[in-house]
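Thank you all for coming, and please have the sequence and the 3D view open while I talk. I would like to go through a few places in this structure slowly, one after another.

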Amino acid sequence: MTFIVKTRKVLLNKVLNRRQLSVELLHPNKPTPSQESVVKELASKYKADERNVVVYGLRTTFGGNRTTGFALIYDTQQYLLKFEPKFRLRRRGIIPKRDGSRKGWKEVKSKLKKTRGAEKTKIYMSRKTDKREVIRAQKETYLKGFVGK
């Protein structure tokens, strides 16, 4: 698929060790390009690793032909894992997705309201599936995969 990438408002954010940019994609008479293809194009344009580029918020204008969005190009993988929100890391498959449904979480919440004392802490601990230690371990194992490459 062929499309033209124009970048605007390129900011060098030294505090977060990344480049922030607004992206405009021109794709006349073609469908909206995929995020993966946009990531590859930006990585080649800015001479960065594809794993360090994050693209989000792509919106196609009415009538097609033009899509706008945002991109972040991190200096290293460590900064990507440190500063990216968890939901974007889940989308990329770095952190495992949450298990359980919204209804189940709400049932546990209402059960917590009815109980008291030690039972409350047992229910609360059974509810917590997304612990910080688990996420930290997932990030570390993800980084270990890139050390040899």
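Before I name any residue, let me fix one term: a residue counts as buried when its relative accessible area is under 20%, as exposed when it is over 50%, and as partly exposed in between. Please also keep in mind that what you are looking at is a predicted model.

With that term in hand, let us begin with Phe83, whose relative accessibility is 28%, so that it counts as partly exposed. Tyr79 also falls into the partly exposed class, because its relative accessible area is 29%. These two residues belong to helix α2, which covers residues 77-83, and since they are 4 residues apart in that helix, about one helical turn separates them. Now look at their rings, because the count of aromatic pairs comes to 2 here. In the pair made by Tyr79 and Phe83, the ring centres are 6.4 Å apart and the planes meet at 10 degrees, so this pair is described as stacked.

Let me turn next to Val53, which sits in strand β3, the stretch of residues 53-60. Is Val53 buried or exposed? Its relative accessible area is 1%, and therefore Val53 is buried. Which residues does Val53 contact, if we leave aside its neighbours within four places in sequence? They are Val39, Leu42, Ala43, Ala48, Leu72, Ile73 and Arg92. For a sense of distance, you can also find Asn13, which is 40 residues away from Val53 along the chain, with 14 Å between the two C-alpha atoms.

One of the contacts of Val53 is Ala48, and I would like to stay with that residue for a moment. Ala48 lies in the loop between α1 and β3, and because its relative accessibility is 22%, it counts as partly exposed. Not counting residues up to four places away in sequence, Ala48 touches Ala43, Val53 and Ile73. Measuring from C-alpha to C-alpha on your screen, you should find Ala48 and Tyr74 8.5 Å apart in space, while in sequence they are 26 residues apart.

The loop between α1 and β3 also holds Asn52. At 6% relative accessibility, Asn52 counts as buried. When residues up to four places away in sequence are not counted, Asn52 touches Leu72, Ile73, Tyr74, Asp75, Thr76, Gln77 and Leu80. Its C-alpha atom is 9.6 Å from that of Leu81, a residue 29 places away in sequence.

Now let us move to the largest pocket, whose volume is about 320 Å³. Which elements each supply at least two residues of its lining? They are α1, covering 35-45, together with β3 and with α3, covering 86-92. Among the lining residues are Gln35, Glu36, Val39 and Lys40, and also Val53, Tyr56, Arg88 and Arg92. By type, the lining divides into 5 nonpolar residues, 1 polar residue and 6 charged ones. Two of the lining residues that I have just named, Tyr56 and Arg88, deserve another look, since Arg88 lies over the face of Tyr56, at 3.8 Å from the ring centre.

Finally, I would like to show you two backbone angles. Asn29, in the loop between β2 (18-27) and α1, has a phi near 55 degrees, which is a positive value in a residue other than glycine. Asn29 counts as exposed, because its relative accessibility is 76%. Asn65, in turn, is found in strand β4, residues 65-74, and its phi is near 70 degrees, again positive in a residue other than glycine. With a relative accessible area of 36%, Asn65 is partly exposed.

Terms used
Residues are numbered from 1 along each chain as its sequence is written. This is a predicted model: local features need pLDDT of at least 70, side-chain atom pairs count only at pLDDT 80 or more; totals for chains, interfaces and linings use all residues. Side-chain values use heavy atoms; hydrogens and water are left out. Buried means under 20% relative accessible area, exposed over 50%, partly exposed in between (1.4 Å probe, protein chains only). Contact means heavy atoms within 4.5 Å. Rings of Phe, Tyr and Trp (its six-membered ring) pair if their centres lie within 6.5 Å; planes under 30 degrees apart count as stacked, over 60 as edge-to-face and the rest as tilted. A charge sits over a ring if NZ of Lys or CZ of Arg is within 6 Å of the ring centre and within 35 degrees of the ring normal. On a 1 Å grid over the protein atoms alone, a cavity is a set of points where a 1.4 Å probe fits but cannot get out, and a pocket is an open set with protein on both sides within 12 Å along at least five of seven lines; lining residues have an atom within 4 Å of a point. Grid points are joined across faces, edges and corners, and a volume is the space filled by probe spheres set on the points. Ala, Val, Leu, Ile, Met, Phe, Trp, Tyr, Cys and Pro count as nonpolar, Asp, Glu, Lys and Arg as charged, and the others, Gly among them, as polar.
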